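Me: I am new to this structure and would like to go through it slowly, with the reasoning spelled out at each step.

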Amino acid sequence: MDAFAIKSLIIGILVFDFLVERILDYLNIKNLNAPLPKNVADVYDTAEYTKSQTYQKEKEKVEQFQSYFQFALYILLLTQGYLGGLYDYIKSYTETSSVFSQASFYAANLLFFGALFIISDILSTPFAWYNTFVIEEKYGFNKSTVKLFIIDKLKGYLLAIIIGGIIISLLLFLIQSLGTSFWWIFWVIISVLIVCMNMFYTSLLLPLFNKLTPLGDGELKNAIQAYCSKENFPVDNIYIMDGSKRSNKANAFFSGFGKKKKIVLFDTLVDQHSIPELIAILAHEAGHFKKKHIIQMMVLSVLQIGVYLFLLSLLIDNENLSLAMGAQDNSVALNLIGFGLLFSPVSSITGIMVNLLSRKNEYEADAFAAQTSSAVDLGIALKNLSKKNLSNLTPHPAYVFLHYSHPPVTQRLDAMGIRD
Ligand SMILES: [Zn+2]
């Protein structure tokens with residue numbers, strides 16, 4: 001394909017994707033007017049349900065505005081060739097001699113990605129800000145402060161520069177030295193990294209943003225330990241995380257492998273639920289481990305990355321792709337971005353399949369919790385969580401099919417036999 005055909009194809013993909021999303025948004029917003037589902041009626045009153053509907057509509061509006069903005073930006077960048085222009089501009093600065101040397105190759109590519117990261121962050125920050133300090137604030141979720149928001153940003157930048165910088169440098173090095181067979185070595189390295197991330201998330205990454213305190217002795221700890229020993233579920237440590245410093249929204253998760261599993265409970269979760277509800281929530285999380293969902297999802301993402309990298313290897317040397325992005329000649333950085341855009345339909349399709357599997361896993365984990373703790377307690381916990389989080393109780397089935405990793409709460413209650 002020549003550059004013009006590639007560019008047209010990418011624009012066609014973007015337009016198609018944009019239109020599909022608008023239709024889904026329309027259906028989803030329309031579905032927000034549905035009457036209160038029967039099986040949550042015992043915890044919701046009309047005022048609370050109305051509040052959740054207006055909250056969802058307000059959030060949807062901001063998201064829509066953001067996607068209009070992004071769409072316009074992408075079209076502008078592509079039709080005007082600004083991405084290629086930016087790359088050529090940076091490259092001209094990093095060239096020290098007439099030869100495009102090794103050092104300037106790395107400098108140009110890293111600076112280009114750095115510039116893109118900063119520009120896209122500057123453009124998305126107002127939306128994140130509005131979401132946190134206007135909408136979440138209005139509905140009483142926000143606990144974050146301007147100071148914390150900025151500190152989080154700076155820490156995020158630092159992590160992105162260090163981790164992103166290392167990964168991109170490594171990728172560039174492998175492409176330079178191995179040509180198109182870079183893909184499988186990079187795949188092995190990324191896979192090892194993913195496993196390590198999973199293993200050390202709670203001990204290394206999470207403490208950068210939150211404080212984890214071991215759960216003190218008492219009724220809750222006894223109940224958790226009793227459940228875990230009954231189910232022969234090895235747990236190394238139970239932590240309370242200070243989620244309340246950012247938001248009132250609650251969560252819980254397990255991390256680690258084998259005998260080194262850790263349980264992390266948000267302080268907000270512990271405050272908002274009874275002990276039987278908390279045990280039912282933990283039983284659900286334990287279900288994900290017992291049914292091997294965690295390993296399954298990890299293997300799946302490793303395979304997915306392998307396929308992408310292989311496809312990438314087919315295009316990494318394609319000069320026409322760079323030209324389609326607006327550059328003067330072949331560039332690894334632009335081919336990477338062009339690849340991402342060109343293969344977005346492939347990632348959408350794999351995303352749908354992963355969501356499908358993930359929703360099936362949620363039902364399985366619910367069934368495990370019902371079996372080993374109590375369906376009634378889990379039902380109450382789920383209803384209370386939806387109420388507190390002002391969740392969308394009536395998302396459109398098409399929207400759920402494409403975007404939801406968890407089934408809507410009413411369907412989960414249905415599956416557990418909680419019908420009214
Ligand atoms: Zn789950």
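Reply: A good starting residue is E362, which counts as buried because its relative accessibility is 4%, where buried means under 20% relative accessible area, exposed over 50% and partly exposed in between, with a 1.4 Å probe and protein chains only. This is a predicted model, in which local features need pLDDT of at least 70, side-chain atom pairs count only at pLDDT 80 or more, and totals for chains, interfaces and linings use all residues. Residues are numbered from 1 along each chain as its sequence is written, and side-chain values use heavy atoms, with hydrogens and water left out.

Me: Which atoms coordinate the zinc ion, and at what distances?
Reply: Donors are N, O and S atoms within 2.8 Å of the metal (3.2 Å for Na, K and Ca), and since water is not among the atoms, sites may look incomplete. Along the chain the donors of the zinc ion follow the spacing H-x3-H-x73-E. The coordinating atoms are NE2 of H284, NE2 of H288 and two OE atoms of E362, at 2.1 to 2.7 Å.

Me: What is the arrangement of the four donor atoms around the zinc ion?
Reply: Four donors count as tetrahedral if all angles lie between 85 and 135 degrees, and as square planar, or six as octahedral, if opposite donors are over 155 degrees apart and all others between 65 and 115, with anything else irregular. The four donor atoms here subtend angles of 53 to 134°, so the arrangement is irregular.

Me: How are helices α1 and α2 oriented to each other?
Reply: Helices are DSSP runs of H or I with at least four residues, strands are runs of E with at least two, and both are numbered from the N terminus. Axes are lines fitted to C-alpha atoms, for helices over the stretch in contact, and angles run from 0 to 180 degrees between N-to-C directions; those of α1 (residues 3-31) and α2 (residues 46-80) come within 11 Å and cross at roughly 170°. Angles under 35 degrees count as roughly parallel, over 145 as roughly antiparallel, 65 to 115 as roughly perpendicular and the rest as oblique, so α1 is roughly antiparallel to α2.

Me: Is L390, which has a positive phi although it is not a glycine, buried or exposed?
Reply: Most residues other than glycine have a negative phi, whereas L390 has a phi of about 50°. L390 is found in the loop between α14 (375-389) and α15 (397-403). Its relative accessible area is 5%, and therefore L390 is buried.
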